[in-house]
Amino acid sequence: MNIGIIGWGFVGQATGKGLGTNKKNKIFVYDKQRTSPLTLEEVVKASEFIFICVPTPMHSDYSGMSMAIVEEVAVQIAKVAGGTDKIAIVKSTVLPGLTQSFIKKYPKVNWAMNPEFLTQNNANKDFLNTARTVIGASSKEVGEKIKKLYQTIYPKNLPYYIMDVTSAELTKYMSNNMLAAKVLIADEFYFLAKKVGANYEDVRKAVEADPRIGTHLRVPGPDGDVGFGGACFPKDMIGILGLARKLKVDMSALSAIWQKYLKIRKNRDWEHMASAFREKKK
Ligand SMILES: NC(=O)c1ccc[n+]([C@@H]2O[C@H](COP(=O)([O-])OP(=O)(O)OC[C@H]3O[C@@H](n4cnc5c(N)ncnc54)[C@H](O)[C@@H]3O)[C@@H](O)[C@H]2O)c1
């Protein structure tokens, strides 16, 4: 199948290279900041499936997350894909409601939302070894086509969760925020363990052995600091808290986790990542 990738970063490359492991899949790439031989229009024209893998940075005032780059790309894709069988798939992490707004604005395009769960340190391998694939689709037919695409590379027994686009968007945020929350609770138990004279490593291993709890309790984390590192957890927490504020939904538990996080986290690594942290445009 012919596959277009818009945005050749961690997610775009893992998706392109991963789907390209089946030689029947041909990959066409467009990236604004890298030398791409093709234009975005050419990539969309050549492809049956177009994956949007561009950044969704948090605002540098911590008020939320910017969807501007995805929106800009969506307009361009719609111009070429409208009225065809092509499927435009949002793979970037986007706020619940964005893909539905595309369905409304550009009804002649087949839209889908397919969140990505890979980790940056192990992007290509994580993509190929995913535990499940989540597909949000504007119709049953579109969802089935994307499932068939993934079946060209994934084992037959991989579970697929096919749902509407907004539910797929929310699945990504809930996953990341649940994992991030576990990290913070683990940090608190780590400091408590020191006070009561317990061996935190023994405690952690025994707690992680419960499949209902699982991983992410190591303290300090893989980057040697407490709290979660990298770009995704902080921006996905800020993104969902911004949305909850706007919709007047009480997420004070998550908000308390964010406040505690800022208190204990020394290394704000995400503030130095251009694609994850951007000044808000007025
Ligand atoms: N990195 C992760 O671990 C991870 C995991 C899951 C989901 N995500 C999400 O996936 C999305 C992409 O993340 P990433 O880590 O791959 O980002 P990245 O910064 O590594 O890559 C994004 C790429 O998009 C390109 N780009 C920017 N604007 C563009 C435009 N207008 N047109 C074409 N290309 C453009 C950039 O040049 C860059 O190469 C984000 O929404 C992120 O939250 C990331």
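Biologist: Where is proline 220 placed, and what makes that place a loop between helices?

Modeller: Proline 220 sits in the loop between helix H8 (200–208) and H9, where helices (H or I, at least four residues) and strands (E, at least two) are DSSP runs, numbered from the N terminus. This is a predicted model, in which local features need pLDDT of at least 70 and side-chain atom pairs count only at pLDDT 80 or more, while totals for chains, interfaces and linings use all residues. Residues are numbered from 1 along each chain as its sequence is written, and side-chain values use heavy atoms, with hydrogens and water left out.

Biologist: What kind of peptide bond joins valine 219 and proline 220?

Modeller: The bond between valine 219 and proline 220 is cis, with omega at about -10°. Most peptide bonds are trans, and most residues other than glycine have a negative phi. Two residues are to be set against that second habit: tyrosine 62, which is not a glycine, has a positive phi near 65°, and lysine 248, also not a glycine, has a positive phi of about 55°. Tyrosine 62 belongs to the loop between strand S4 (58–59) and H3, whereas lysine 248 belongs to the loop between H9 and H10.

Biologist: What makes a residue part of the shell around the ligand, and which residues come nearest?

Modeller: A residue is near the ligand if one of its heavy atoms lies within 4 Å of it. The shell has 28 residues, of which Val11, Asp31, Thr56, Lys235 and Ser275 come nearest. By class, the shell holds 12 nonpolar, 9 polar and 7 charged residues, where Ala, Val, Leu, Ile, Met, Phe, Trp, Tyr, Cys and Pro count as nonpolar, Asp, Glu, Lys and Arg as charged, and the others, Gly among them, as polar.

Biologist: Why is the pair formed by the ligand and aspartate 31 called a polar contact?

Modeller: A polar contact is a pair of N or O atoms within 3.5 Å. An oxygen atom of the ligand is 2.6 Å from an N or O atom in the side chain of aspartate 31, so the pair meets the cut-off. A nitrogen atom of the ligand, 3.3 Å from an N or O atom in the side chain of glutamate 72, meets the cut-off too. For threonine 93, a backbone N or O atom lies 3.0 Å from an oxygen atom of the ligand.

Biologist: Why is the ligand said to lie between two domains?

Modeller: The ligand lies between domain 1 (2–169) and domain 2 (172–278) because both give residues to the shell around it; the domain bounds come from an automatic or database domain assignment. Among helices, H3 gives the largest share of the shell, 3 residues.

Biologist: What makes an empty space a cavity, and how many cavities of 30 Å³ or more are there?

Modeller: On a 1 Å grid over the protein atoms alone, a cavity is a set of points where a 1.4 Å probe fits but cannot get out, whereas a pocket is an open set with protein on both sides within 12 Å along at least five of seven lines, and lining residues have an atom within 4 Å of a point. Grid points are joined across faces, edges and corners, and a volume is the space filled by probe spheres set on the points. The structure holds 1 cavity of 30 Å³ or more, and the largest cavity has about 70 Å³ of space. Its lining includes Lys91, Phe117 and Tyr154.

Biologist: What is the lining of the second largest pocket made of, by class?

Modeller: That lining divides into 14 nonpolar residues, 1 polar and no charged. H7 gives the most to it, with 6 residues.

How values were computed
Polar contact = N/O pair within 3.5 Å; in protein donor to acceptor, adjacent residues only side chain to side chain.
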